[in-house]
Amino acid sequence: MAKKTILDLNVEGKKVLIRVDFNVPMHDGVITDENRIVQALPTIKYVIENGGKAIVFSHLGRIKEASDLEKNSLKPVACRLQELLGHEVVFVPETRGKALEDAINNMKTGDVVMFENTRFEDLDGKKESKNDPELGKYWASLGDVFINDAFGTAHRAHASNVGIASNIKETAAGFLLEKEIKFIGGAVDNPVRPFVAVLGGAKVSDKIDVVENLIVKADKILIGGGMMFTFLKAQGYNVGASKCELDKVELAKELLEKANGKIVLPVDTLAAKSFSNDASFRSCKVDEIAADEMGLDIGAETVELFDSILKTAKTVVWNGPMGVFEMPNFAKGTIGVCESIAHLTDATTIVGGGDSAAAAIQFGYASKFSHISTGGGASLEYLEGKTLPGVACIDEI
Ligand code: ADP
Ligand code: MG
């Protein structure tokens, strides 16, 4: 990448602003998936081990009204960061003002300060999310250099990434952002072939731009999940009560034509009587779905078909589960594809969706992938071929 990275910066004695993405799922104040915190550790460690002062910040959730503040405080995340880092983290429950400025001015080299959820600034006119010029300038004034390591937010131009970058002398990518770009960018722009993409998930409309971009770049696109039914409908099949976006059928038809055989659709499905794990269901061919049935997973024959194609791959990008994997009866397709990819020993394998990444982790295959992206939306936009503002704002070497 022609972007500056943390290794191009001299952090010694400097106040280093580090934008991380600690927008982690929480349940009753407990973090349920800390992948994003773990993945941000190398950058923070590097800064403190090289004599910098690490000022860490992130958004968490959405802030629309005052009642959103308490439940979206970053305090529990700061506590967990302190444990994972094995190093004191001073948490300042403010996003601006004297307490924050004093805490920063009192820092010694190697110290870590973390401040409150950047989106607390959204309460007053969406300053963070609308990249308010005053806010970016103010945050930039708190440090000497800026490191963007928040890949999960890189598809948004907010005050805490783009705003700071445009108001500070030096900006570089952290290790995580660099890694994400290396893997996802590498797969899309310069893949070792055959390059096989596996796409699933709920809606075609979420992923249509990805399909469009990957038709040009990938050698094969395997489609499962809820989105398969719009494509099957486009081929003239009856999909019963399955998830199907009628207004996207024409587009799906066009994509199938354009793909010229690159798109591979399921041959069988698990058809259920209702959207429930307790529903009665059967395995059937995709041309046998009855009017009162809905496909909730790909079938065993499709898992085999996908496996035979994945076996030939040297680069795999997987985005979106193959079925309603949250329900055990409809998780087999996702587990099957996950296993097929995990067993590839001579391929670069990347998982790039929030739910698919969670599935890979939940099924115990996390260590078998070359890379599990920390950015659902960001990785999707990257796969669509879009420029991410949070990457574009980083200085070129
Ligand atoms: P990701 O976060 O990996 O990009 P999405 O958010 O696009 O994935 O989609 C995930 C959701 O898709 C899951 O909640 C899953 O239950 C749902 N899904 C998968 N297959 C089906 C299907 N056949 N019918 C309805 N929903 C489905
Ligand atoms: Mg999702």
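User: Which handedness does the β-α-β unit of strand 7, helix 5 and strand 8 have?
Analyst: This is a predicted model, in which local features need pLDDT of at least 70 and side-chain atom pairs 80 or more, while totals for chains, interfaces and linings use all residues. Residues are numbered from 1 along each chain as written, chains are lettered from A and ligands numbered from 1 in written order, and side-chain values use heavy atoms, without hydrogens or water. The unit joins residues 159–165 as helix 5 to the two strands (DSSP runs numbered from the N terminus; helices H or I, at least four residues; strands E, at least two). With the strands pointing away from the viewer, a path from the first strand over the helix to the second that runs clockwise is right-handed, and this unit is right-handed.

User: In which sense do strand 1 and strand 7 pair?
Analyst: Pairing takes at least two DSSP bridges. Strand 1 (residues 15–19) has four bridges to strand 7, and R19 is partnered there by N148. The sense is parallel.

User: Which residue of strand 8 stands opposite F146?
Analyst: Strand 8 covers residues 170–173 and runs parallel to strand 7, with four bridges between them. Opposite F146 stands T171.

User: Are the residues of strand 7 buried or exposed?
Analyst: V145 and I147 point one way, and F146 and N148 the other. Buried is under 20% relative accessible area with a 1.4 Å probe, protein chains only, and exposed over 50%. On both sides of strand 7 the residues are buried.
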